[in-house]
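The following exercises concern cysteines, a strand arrangement and a surface patch. Please work through each task before reading its solution.

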Amino acid sequence: MAKKIVVIGTGYVGLPLAIMLARAGYEVIGADIEENVVDAINTGFLHLAEEDISKIYQEPNVRKNLRAQKTPCEADVFIISVPTPIDERKRVADLSQVTQAVESIVPYLRSGNLVIVESTVPPLTCRDIIAPIIEKSGLKIGKDVFLCHCPERILPGAVFEEIVNNDRIIGGMDRKAAEMSREIYASFVKGNLYLTDDVTAETVKLMENTYRDVNIALANEFAAVAEGLGIDILEAIRLANKHPRVKILKPGIGTGGHCIPVDPWFIKEVDPVNSRLIHTARLINDEVPVNIAAKIRQALKDIDNPKIVVLGLTYKPDTYDTRNSPAQKIVGLLKADGYRVSAYDPRVKGSQYSSIKEIAKDADALVVLVEHKAVRDELAKQEGEIKKAMRHPLILRFYHEASESE
Ligand SMILES: NC(=O)c1ccc[n+]([C@@H]2O[C@H](COP(=O)([O-])OP(=O)(O)OC[C@H]3O[C@@H](n4cnc5c(N)ncnc54)[C@H](O)[C@@H]3O)[C@@H](O)[C@H]2O)c1
């Protein structure tokens, strides 16, 4: 059993991974360029939004086996989990943090090492970009050093459940790399481990999120068609889903999070000719927040200088994650138009409130963008009271009826 693992980048993905590996008995070093991240891990003052992971982190053997530092060091296994954002202008992957992270391990590589890339990357990144950097060490991939892509599928808010139980794809540049990686993941994953090659693994991860994006775009497009026809989209979807092989998703206010609005671009980047549907779906979903903001403006057109209270800032219900949130885009659009907007979210630190009735007091519109369960429950119980507290009793909700298509 390999003994020492360096996890480079200890954020949403790298930190839970480091904790699970430490729990499995490995000596784990979290290497992160951010001093406050390193200090938090070493001092035990971690502010993890994930309760289960927080508890595991406090287990004595995890605290004993895990420490952090700003630079990598010699080890048996290196796992790269640094961000791969999109270059907003070119809509291609910005791999600068990945290449820096790989460069940073080169001085510490030695024969027999395994390098695993967990960061989401465009197809061919492992063999065309990462392998040549590793080989600067003088060590040969597949002979001295083994390289694998093992994409992550965790859902923020359910990280412990998913990091343990999800099936995983392990894409080795060669069979030995995949077998070595399997041993690492088998130490804490209960889901199935599927071995394949690196390019397939890179592509599979992107296909998963693209599948979601395209299906959400289809639902959003159906919603626009239904609106033009004056029919109820949720009823139409519910009825269409009575077909045994149809499962249309619910429309929404746009896609967000770390993966869905980003990953499809990585496919387009490597094969634009064959990505027309993927590209169009991205454009459709990016446009939705603009259309929702227009609907809000339309609803408020007869109210002078309206006071708007927005409820929900995360990228989807029942998470704390606000990255790429369409709700935040909508708030930004309304503010840019000069509207008086105050925004709240029971799941987002700094945006919490005591009751909806309290924040809706004297408002002209309560715009519910993200329907966390707590929000739905409070609205169901208190709607009358909330409306009474408002200046205009206008509550705007988008596609909120519980439907069988959810
Ligand atoms: N967050 C998710 O839900 C999720 C799910 C699946 C896949 N992913 C993918 O996992 C990767 C990591 O995402 P994340 O959400 O954990 O990012 P994050 O921003 O939460 O954390 C990344 C960490 O890497 C550190 N870092 C950056 N450059 C570094 C370097 N050169 N050396 C050492 N540390 C460095 C940062 O300081 C940060 O702490 C991305 O490719 C992402 O697409 C994320």
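**Exercise 1. Classify C259 by accessibility and determine its bonding state.**

Solution. C259 has 23% relative accessibility and is therefore partly exposed; this class lies between buried, under 20% relative accessible area, and exposed, over 50% (1.4 Å probe, protein chains only). C259 is in no disulfide, since the nearest cysteine sulfur, that of C150, is 16 Å away, whereas a disulfide is a pair of cysteine sulfur atoms within 2.5 Å. The model is predicted: local features need pLDDT of at least 70, side-chain atom pairs count only at pLDDT 80 or more, and totals for chains, interfaces and linings use all residues. Residues are numbered from 1 along each chain as its sequence is written, and side-chain values use heavy atoms, with hydrogens and water left out.

**Exercise 2. How many disulfides does the whole structure hold, and is C126 buried or exposed?**

Solution. The search of the whole structure finds zero disulfides. For C126, the nearest cysteine sulfur belongs to C148, 8.0 Å away. C126 is buried, at 0% relative accessibility.

**Exercise 3. State the strand order of the open sheet and identify its edges.**

Solution. The eight strands run β3-β2-β1-β4-β7-β8-β9-β10 with mixed pairing; strands are DSSP runs (E, at least two residues), numbered from the N terminus, and two strands pair if DSSP finds at least two bridges between them. The edge strands, β3 (66-69) and β10 (193-197), each pair on one side only. Within the sheet, β8 (residues 146-149) and β9 (residues 168-172) pair in the antiparallel sense over two bridges. H149 has G171 in β9 as its bridge partner.

Key
Helix = DSSP H or I, 4+ residues; strand = E, 2+ residues; numbered from the N terminus.
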